[in-house]
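The following paragraphs offer a guided reading of a single protein chain. Please keep the sequence and the three-dimensional view at hand while reading.

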Amino acid sequence: MDGRHTSAVWKRVVERAGAAGRPVGLASAATACIDDVGADGLGISLITSGRIRTVAYAADERSYRLEDAQLVAGEGPCTHAYQQRRIVEADGQPTCGQWPVFWRTAGELGIRRVVAVPLLVGNSVPVGAMDLYHTTLSPHRAADHAQLAAYARILALLALDAHPELIGQALLGGDEEATEAGPAGYPPIVHQAAGAAAEAADLPVPEALARMRAHAFSHQQLLQDVAHAILTGQLNLENDRGHPPD
């Protein structure tokens, strides 16, 4: 990576943190990135053990819902960028057949373009992805990719620093895992809730998980919120009539 881009990006992040009167961290780095590239939102997902995705940061509620939409659907540019270890640029055209569940949510939230950048540490070990959300279709220039990669390197370190409990598991993603079918995207609370729902309804765990995804999708809720409601006894999926996303 060009050291000039990294130095310039670090300078911008430090300036942003200083102007806000706070230490250098995810928020200041994300804000600097959004301003520099002209994005309308930003989300960061860490992928632990090569399989489980956790939303590590979202610039706003819309960005969080978009990250969660990829988690619920088990598809999206985040997963693709992580698997391929390259920048993925995607437009949500009406006829787009790729990631239909994710794009349906994105369209409802006014997002028309996503740029996903893999988060790489060390010797290009993938630990997640950064998603930049745009309300217009203006593409990034090829020259911008070096800047995006520099921001991704910095945000990867800051995200792991903000979530030290995930460091070991994230680094287990490694070479083999990144080329497999891709992260399912479910943090521990979702698996716990699926187990509880399966026991309550006498169902296999995969079917309980499918019902949770269907409920989250049909009611436009975050999957982790559905899991929390199940574990606290606020939600019983036994009679839920939703259908899993396509």
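The largest pocket holds about 250 Å³ of space. The model in which this pocket appears is a predicted one. Helices α3 (61-73), α5 (100-108) and α10 (205-218) are the elements that each give two or more residues to the pocket's lining. In total, 14 residues line the largest pocket, and those nearest its centre are R65, T105, E108, F217 and Q220. What is the make-up of this lining by class? Seven of the residues are nonpolar, three are polar and four are charged.

The pocket belongs to a chain with 11 helices and five strands. Of the 246 residues in the protein chain, 48% are buried. Among contacts with a separation of 6 or more, 66% join residues 24 or more positions apart. The regions described below supply individual examples of burial and of pairing between parts of the chain that are separated in sequence.

Helix α4 (residues 77-84) is an instance of burial. Why can helix α4 be described as largely enclosed by the rest of the structure? The description holds because six of its eight residues are buried. These buried residues are P77, C78, T79, A81, Y82 and Q83. After α4 comes R85, which has a positive phi, near 55°.

Two residues outside this helix make contact with its N-terminal part, and each may be taken in turn. W99 is located in the loop between β3 and α5. With a relative accessible area of 11%, W99 counts as buried, because the cut-off for burial is under 20%. Leaving aside residues up to four places away in sequence, W99 touches E75, G76, P77, H80, V88 and A90. P77 in this list is one of the buried residues of α4. The C-alpha atom of W99 lies 8.2 Å from that of A73, although 26 residues separate the two along the chain.

The second residue is D131, which sits in strand β5 (residues 125-134). Is D131 buried or exposed? It is buried, with a relative accessible area of 0%. Its side chain makes a polar contact with the side chain of Q70, at 3.1 Å. When residues up to four places away in sequence are not counted, D131 touches G41, L42, G43, E67, Q70, P77, C78, V114, V115 and A116. P77 and C78, both present in that list, are among the buried residues of α4. P77 is thus a residue touched by D131 and also by W99.

Attention now turns to charged pairs. The structure holds five salt bridges. One of them joins R12 and D36, whose closest N and O atoms are 3.0 Å apart. This pair links distant parts of the chain, with R12 in helix α1 (residues 3-20) and D36 in helix α2 (residues 26-37), 24 residues apart. Both partners are partly exposed: R12 has a relative accessibility of 25%, and D36 has one of 28%.

Other salt bridges involve R113. Which residues are linked with R113 in a network of salt bridges? They are E89 and D91. The side chains of R113 and E89 meet with an N to O distance of 2.3 Å. Since R113 lies in strand β4 (residues 113-121) and E89 in strand β3 (residues 88-91), this pair ties together parts of the chain that are 24 residues apart in sequence. In the salt bridge between D91 and R113, the closest N and O atoms are 2.4 Å apart. D91 also lies in strand β3, so its pairing with R113 in strand β4 ties together parts that are 22 residues apart in sequence.

The members of this network can also be described by their accessibility. R113 is buried, with a relative accessible area of 5%. E89 is partly exposed at 32%, and D91 is partly exposed at 26%. The network therefore brings together a buried arginine and two partly exposed acidic partners, E89 and D91.

Technical notes: Residues are numbered from 1 along each chain as its sequence is written. This is a predicted model: local features need pLDDT of at least 70, side-chain atom pairs count only at pLDDT 80 or more; totals for chains, interfaces and linings use all residues. Side-chain values use heavy atoms; hydrogens and water are left out. Helices (H or I, at least four residues) and strands (E, at least two) are DSSP runs, numbered from the N terminus. Buried means under 20% relative accessible area, exposed over 50%, partly exposed in between (1.4 Å probe, protein chains only). A polar contact is a pair of N or O atoms within 3.5 Å; within protein, one must be able to donate a hydrogen and the other to accept it, and residues adjacent in sequence count only if both atoms are side-chain atoms. Contact means heavy atoms within 4.5 Å. On a 1 Å grid over the protein atoms alone, a cavity is a set of points where a 1.4 Å probe fits but cannot get out, and a pocket is an open set with protein on both sides within 12 Å along at least five of seven lines; lining residues have an atom within 4 Å of a point. Grid points are joined across faces, edges and corners, and a volume is the space filled by probe spheres set on the points. Ala, Val, Leu, Ile, Met, Phe, Trp, Tyr, Cys and Pro count as nonpolar, Asp, Glu, Lys and Arg as charged, and the others, Gly among them, as polar. A salt bridge is a side-chain nitrogen of Lys or Arg within 4 Å of a carboxyl oxygen of Asp or Glu.
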